[in-house]
Amino acid sequence: MSELSSRKQQLEAFDRLLTIMDELREQCPWDRKQTIESLRHLTIEETFELSDAILENDMEEIKKELGDILLHIVFYAKIGDEKKAFDIKTVIDSLCEKLIRRHPHIYGDTIATDEEAVKQNWEKIKLKEKGNTSVLGGVPKSLPALIKSMRIQEKARGVGFDWEEKNQVWEKVEEEMQEFKAEFNADSDKEIDREKATGEFGDLLFSLINYARFIEINPEEALEKTNIKFIKRFQYLENAAKKTGKKIEDMTLAEMDVYWEEAKKEVID
């Protein structure tokens with residue numbers, strides 16, 4: 001690990017980045033052509049690459065991906081400057097002012113002795129700032145459904161709308177499970193009403209996410225870990241089959257299950 005730098009060196013590095021951004025915008029045909037709209041999908045991709053590095057706990061990759069995201073921030077600020085809309089200073093000033101406003105327990109007279117109080121203050125101040133008519137108005141519409149569900153529940157909790165005990169939440173999970181089963185009974189040959197079953201399944205997922213949040217499990221992180229675990233085990237199955245000269249698509253489920261059980265013992269989660 002390289003030696004950490006001083007504040008002076010950090011500021012010098014940031015100044016160097018701004019200078020390079022100016023030069024690229026003036027001299028590079030690709031950089032000169034970019035717009036806020038054209039960068040959008042690239043920024044999303046970089047964010048997911050950072051997410052991958054975090055899941056892999058690869059600090060070197062995290063450092064690189066943070067650099068890529070920082071480049072995008074500086075790039076957007078440069079374009080904003082050209083449009084005379086904003087620049088990197090006004091972006092940073094706006095952020096600093098928001099952080100001060102939303103931490104009145106640090107920069108004001110508000111008392112917040114625990115994390116929950118801080119979260120509630122944050123949501124109340126944010127609601128007032130944005131002028132939303134709903135507490136949930138600040139949840140981005142384009143968020144993936146699972147993450148959106150988490151944010152909806154967190155925001156509702158931020159204004160006191162939440163269960164009091166975890167057993168109450170679990171009872172709701174069991175209730176939703178029974179309602180889903182009533183619409184999608186695996187033991188019945190009755191034709192399924194897909195629309196109703198879909199609605200009940202959504203309710204069940206929402207309640208499970210709620211319970212996970214209540215016991216401080218991040219459901220997005222939990223599901224992604226299971227995805228990774230499945231991929232590793234399935235690839236073990238594929239490689240094991242290949243070593244015996246078999247094609248996985250020609251194997252019976254019973255044959256595949258033998259390798260799957262091996263994978264559960266051999267592959268580290």
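This briefing walks through salt bridges, cysteines, helix packing and one proline in the structure above. Keep in mind that this is a predicted model. There are 18 salt bridges in the structure, and a search of the whole structure for disulfides comes back with zero. On the packing side, helices α8 and α10 cross at roughly 60°, α8 and α11 pack at about 155°, and α3 and α4 pack at about 160°.

**Salt bridges within helices**

- Some background first: side chains of opposite charge can pair when their charged atoms come close.
- In helix α4 (residues 59–82), Lys 64 and Glu 61 sit three residues apart, so about one helical turn separates them. Their side chains meet in a salt bridge, with N to O at 3.6 Å.
- Both partners in that pair are partly exposed: Lys 64 has a relative accessible area of 44%, and Glu 61 has one of 28%.
- Over in helix α7 (residues 115–130), Glu 115 and Lys 119 are four residues apart, again about one turn of the helix. They form a salt bridge whose closest N and O atoms are 3.4 Å apart.
- Glu 115 counts as exposed because its relative accessible area of 55% is over the 50% cut-off. Lys 119, at 43%, is partly exposed.
- Helix α9 (residues 166–183) has a pair of its own: Lys 172 and Glu 176 are four residues apart, about one helical turn. The closest N and O atoms of this salt bridge are 3.2 Å apart.
- Which end of the α9 pair is buried, Lys 172 or Glu 176? Glu 176 is buried, with a relative accessible area of 6%, whereas Lys 172 is partly exposed at 26%.
- Some salt bridges share partners, and these join Glu 116, Arg 157, Asp 162 and Arg 213 into one network.

**Cysteines**

- How many disulfides does a search of the whole structure find? The count is zero.
- Cys 28 is partly exposed, at 22% relative accessibility. That value lands in the partly exposed class because buried means under 20%.
- Cys 96 is partly exposed too, with a relative accessible area of 38%.

**Helix α8 against α10**

- Two packed helices are described by the angle between their axes and the distance between the axes.
- The axes of helix α8 (residues 145–158) and helix α10 (residues 194–214) come within 10 Å and cross at roughly 60°. That angle makes α8 oblique to α10.
- The crossing of α8 and α10 is right-handed.
- From α8, the contact uses Leu 146, Ser 149, Met 150, Ile 152, Gln 153, Glu 154 and Arg 157. From α10, it uses Phe 206, Ile 209, Asn 210, Arg 213 and Phe 214.
- Arg 157 and Arg 213, both part of this contact, also belong to the salt-bridge network.

**Helix α8 against α11, and Pro 219**

- α8 also packs with α11, at an angle of about 155° and with the axes 9 Å apart. The two are therefore roughly antiparallel, since angles over 145 degrees fall in that class.
- Where they meet, α8 brings Leu 146, Ile 147 and Met 150, while α11 brings Pro 219, Glu 220 and Leu 223.
- Pro 219 lies in helix α11 (residues 219–243). Pro 219 is buried, with a relative accessible area of 12%.
- What does Pro 219 contact, leaving aside its neighbours within four places in sequence? Its contacts are Leu 146, Met 150, Ile 209 and Ala 212.
- Pro 219 and Leu 146 are 73 residues apart along the chain, and their C-alpha atoms are separated by 7.9 Å.

**Helix α3 against α4**

- Helix α3 (residues 36–55) and α4 pack at an angle of about 160°, with their axes 9 Å apart. They are therefore roughly antiparallel to each other.
- The crossing of α3 and α4 is left-handed.
- On the α3 side, the contact residues include Ile 36, Leu 39, Leu 42, Leu 50 and Ile 54. On the α4 side, they include Ile 62, Leu 66, Ile 69, Phe 75, Tyr 76 and Ile 79.
- Charged residues take part as well, including Arg 40, Glu 46 and Glu 49 of α3 and Glu 65 and Asp 68 of α4.
- Glu 61 is also among the α4 residues in this contact, and its side chain meets that of Lys 64 in a salt bridge.

Key
Residues numbered from 1 in each chain as written. Predicted model: local features only at pLDDT ≥ 70, side-chain atom pairs only at ≥ 80, totals over all residues. Heavy atoms only, no water. Salt bridge = Lys/Arg side-chain N within 4 Å of Asp/Glu carboxyl O. Buried < 20%, exposed > 50% of the residue type's maximum accessible area, 1.4 Å probe, protein only. Contact = heavy atoms within 4.5 Å. Disulfide = S-S within 2.5 Å. Axes fitted to C-alpha atoms, helices over the stretch in contact; angles between N-to-C directions. Parallel < 35°, antiparallel > 145°, perpendicular 65-115°, else oblique. Left-handed = near helix turned anticlockwise from the far one by under 90°.
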